[in-house]
Amino acid sequence: MTLRVLGVDPGLTRCGIGVVDIERNRRATMVAVGVVGTSAELTLDKRLLVIAQAIDEWLDLHNPDVVAVERVFSQMNVSTVMGVAQASGVVIAAAARRGIPVALHTPSEVKAAVTGSGSANKDAVTKLVTKILRLDAPPKPADAADALALALTHAWRAGSGMGTAGGTAGGGTLTPAQKAWADAEAKARRAR
């Protein structure tokens, strides 16, 4: 059985979207990746409409089992938070209309899941996403790599999405990256 996850790195200017298939043995394969861009010259409603239409197309084309979206962090400036939150809402609503579950993951959770360190930089995330998915070249821009990392994080979080939450496929022990992710998640919960 394969789990298909659509990951979204939300944003008004660039919204990264990536689709990954994860097998029970955690082998991950990229299905598609892209970025939806909107111009700051457009009104907010038009920008959100562009994102909504693109998400609708991706959901209809790829029919994911789950959608993983980056959780909005309040440490950004207010205008950035608002744009990310608005784009996230469009994505969440599109998935909800189709009955597709949505999971939210913090940036530190994603970094820990993919690299083993919740404080890894974007270059490290991109490098490991490229390696994990056996890609010939790194996904660009970083928003595309981040979307793929979100999809991987969600699948690995619950043992390829086929086991119990926090476990691994087949009930084995946590890998170092999964342990680091669990530690980062616990730290993020304590900080709330």
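This is a short walk through a predicted model, stop by stop, with something to select at each one.

**Stop 1: the largest nonpolar core.** Start by selecting Leu6, Val8, Ile51, Ile55, Leu59 and Val67. Out of the 23 residues in the largest nonpolar core, these touch the most other members. Now colour the elements that feed this core: β1 (2–9), β2 (14–23), β3 (28–37), α1 (44–62), β4 (66–70) and α2 (78–97) each bring at least two residues to it. Which of them gives the largest share? That's α1, with 7 residues.

**Stop 2: Leu59.** Stay in the core and pick Leu59 by itself. Leaving aside residues up to four places away in sequence, what does Leu59 touch? Show Leu6, Pro64, Val67, Ala94, Ala95, Arg98 and Ile100, and you have its contacts.

**Stop 3: the other core.** There is also a second, separate core, made of 20 residues. To find your way into this second core, select Ile22, Val66, Ile132 and Leu148, which are among its members.

**Stop 4: Ser88.** Next, go to helix α2 and click on Ser88. Is Ser88 buried or exposed? Its relative accessible area is 5%, and buried means under 20%, so Ser88 counts as buried. Bring up Pro10, Val69, Glu70 and Val72 as well: Ser88 touches these four, not counting residues up to four places away in sequence.

**Stop 5: Asn63.** Move to the loop between α1 and β4, where Asn63 sits. Check the backbone here: phi of Asn63 is near 45 degrees, a positive value in a residue that isn't glycine. For background, most residues other than glycine have a negative phi. Turn on the surface too, since Asn63 has 58% relative accessibility and therefore counts as exposed.

**Stop 6: the loop between α4 and α5.** Two things are worth selecting here. Begin with Arg134, which lies in this loop. Like the previous stop, Arg134 is not a glycine, yet its phi is positive, at about 55 degrees. How much of Arg134 is accessible? The relative area is 38%, so Arg134 is partly exposed.

Then slide along to Pro141, also in the loop between α4 (122–132) and α5 (142–157). Zoom in on the link between Lys140 and Pro141: a cis peptide bond joins them, with omega at about -5 degrees. In general, most peptide bonds are trans.

**Before you close the viewer.** To retrace the route, go back to α1, the source of 7 residues of the largest core, then hop to Asn63 in the loop between α1 and β4, and finish at the cis bond between Lys140 and Pro141.

Terms used. Residues are numbered from 1 along each chain as its sequence is written. This is a predicted model: local features need pLDDT of at least 70, side-chain atom pairs count only at pLDDT 80 or more; totals for chains, interfaces and linings use all residues. Side-chain values use heavy atoms; hydrogens and water are left out. A nonpolar core is a set of buried Ala, Val, Leu, Ile, Met, Phe, Trp, Tyr and Cys residues joined through side-chain atoms within 4.5 Å. Buried means under 20% relative accessible area, exposed over 50%, partly exposed in between (1.4 Å probe, protein chains only). Helices (H or I, at least four residues) and strands (E, at least two) are DSSP runs, numbered from the N terminus. Contact means heavy atoms within 4.5 Å.
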